[in-house]
Amino acid sequence: VRELLTPRQVALAIGVSEASLKRWCDKGLLPAIRTAGGHRRLPLNGVLDFLRRSGRRVVRPQVLGLPSPTGKGEANLDRGRARVRSALESGDEEQVLRLAHDLYLAGHRICDICDRVLAGAFHDLGQRWEHGDIEVYQERRGVEITRRVLHRLRMALPDVPDSAPLAFGGTLAGDPYTLASSMAEIVLREAGWRAESYGSGHPAATLRAALNDLRPRLFWLSISTIPSVEEFLLEYSSLYETAVSLGIPIAVGGRGLGEELRREMQYSAYCDTLRHLVSFARTL
Ligand code: B12
């Protein structure tokens, strides 16, 4: 269910008159729907998209359900990474949410926010954990915060039509890493795909069944850790064969895929980053 706002709320949030706002709606600059009584209602994701494209600032982000002062803050990806890392470490969810939205409203693509800011921050957190600078609970809490922030980012994106091509993916059994697959979902949604992450820990057989049942236009696998290389190669090749027989491209990525292992595998695309996934998806 989309969150709907009144013209008055949106005017207040952006700091313009209600009359200007209604004019923008009539010109089609801002998507609006009409209630049964004929009143305009604006979906939150349409408002955020408008703000992003027009470069307008949010004066009262609270009205849009965003933490104050979202919309006039961080616009730099490298600084964003350091600030997200520090906010994740201290468990400051509002700050992570604010930074992610600031970067989005500043016009950055979701794939860059994911690759360079969020994944970058986790890379730094991992190193800090390795050196004993932070506790495991801080890292795990950070994963939960990021999961919720990704959900909010997904809600902020423009709607994807039912007719858009389907893509799905996840991780194989024994691989508990969930964030990269959730990120693949939202970067593809930003690119106009009906993308869904099916989460982690799938036996290859059930993914083969999903490919057969749903016939997506693209399938992704995130591979972060591999308990047994031998078993992985067997499971993976069964999946690859199914995908190929159905004409479904398979994109793989993740820390678990070293050069040597990749030589033993077949795939349609190997991606270092989510940005690569978006580029590959564009060619399909
Ligand atoms: C969070 C985390 C966990 C969590 C994950 C929870 C969850 N729900 O996801 C849990 C608790 C499972 C965990 C456990 C462990 N972890 Co851990 N973990 C991390 C941490 C901090 C972040 C991982 C993450 O999610 N990053 C965010 C994602 C988005 O980034 P990414 O994985 O780099 O993915 C990017 C690219 O690879 C690519 N990508 C990935 N997949 C795909 C797929 C496609 C299709 C595409 C296009 C792209 C793509 O795009 C992403 C964005 O740029 C990393 C540190 C790090 N360097 O990342 C350590 C890290 C991976 N963990 C580590 C360790 C040691 C462990 C444990 C062994 C700890 C322990 N003693 O229990 C266990 C092992 C678990 C297992 N079964 O393997 C080490 C691994 C060291 C090594 N050489 O292998 C790391 C590197 C930390 C460190 N510096 O020491 N961990």
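**Close-up 1. Helix H6 and its kink.** The bend at a residue is the angle between two axes, one fitted to the seven residues ending there and the other to the seven starting there. By that yardstick, H6 has a kink of about 30°, and the kink is centred on Gly120. Keep in mind for this view and the rest that we're looking at a predicted model. How far apart are the end C-alpha atoms of H6? They sit 28 Å apart, which agrees with the 30 Å that the 21 residues of helix H6 (residues 110–130) should span at 1.5 Å a residue. Just past the end of the helix, look for Gly132, which takes a positive phi of about 75°.

**Close-up 2. The buried residues of H6 and the helices around them.** Gly120, where the kink is centred, is one of the buried residues of H6. Others in that set include Ile110, Ile113, Val117, Leu118, Phe122 and Leu125. Charged residues turn up too: Asp112 and Asp115 are among the buried residues of H6. Which helices do the buried residues pack against? The partners are helix H4 (77–90), helix H5 (93–105), helix H7 (136–156), helix H8 (179–190) and helix H12 (274–282).

**Close-up 3. The open sheet.** Five strands line up in the order S5-S4-S6-S7-S8, with parallel pairing. At the edges are strand S5 (194–197) and strand S8 (269–271), each of which pairs on one side only. From one strand to the next, the twist averages 20°. Zoom in on strand S4 (residues 166–170) and you'll find four bridges joining it to S5, with the two running parallel. In one of the pairs to pick out, Gly169 has Ser197 in S5 as its bridge partner.

**Close-up 4. Helices on the sheet.** H8 packs on the sheet and touches S4, S5 and S6, with its direction at about 170° to that of S5. H9 lies across S4 and S6 and runs at about 175° to S4. Follow the chain on from helix H9 (204–214) and you get to Arg215, in the loop before strand S6 (218–222). Arg215 is worth a look at its backbone: phi is positive, about 45°, although the residue is not a glycine.

**Close-up 5. Salt bridges at H4.** The whole structure has 17 salt bridges, and a few of them are picked out here. Glu74 and Arg79 meet through their side chains at 3.0 Å, N to O. Buried or exposed, where does Glu74 fall? Glu74 is buried, with a relative accessible area of 4%, while Arg79 is partly exposed at 49%. Asp78 and Arg116 make another salt bridge, at 3.6 Å, N to O. That pair links distant parts of the chain, with Asp78 in helix H4 and Arg116 in helix H6, 38 residues apart. Asp78 comes out as exposed, with a relative accessible area of 52%, and Arg116 as partly exposed, at 41%.

**Close-up 6. A salt-bridge network.** Start from Glu89 and Arg85, whose closest N and O atoms are 2.7 Å apart in a salt bridge. Both residues lie in helix H4, four residues apart, or about one turn of the helix. Why does Glu89 count as buried? Its relative accessibility is 12%, and buried means under 20%. Which residues belong to the network? Salt bridges that share partners tie Arg85, Glu89, Arg128 and Asp133 into one network.

Key
Residues are numbered from 1 along each chain as its sequence is written. This is a predicted model: local features need pLDDT of at least 70, side-chain atom pairs count only at pLDDT 80 or more; totals for chains, interfaces and linings use all residues. Side-chain values use heavy atoms; hydrogens and water are left out. The expected span of a helix is 1.5 Å times one less than its number of residues. Buried means under 20% relative accessible area, exposed over 50%, partly exposed in between (1.4 Å probe, protein chains only). Contact means heavy atoms within 4.5 Å. Two strands pair if DSSP finds at least two bridges between them. Axes are lines fitted to C-alpha atoms, for helices over the stretch in contact, and angles run from 0 to 180 degrees between N-to-C directions. A salt bridge is a side-chain nitrogen of Lys or Arg within 4 Å of a carboxyl oxygen of Asp or Glu.
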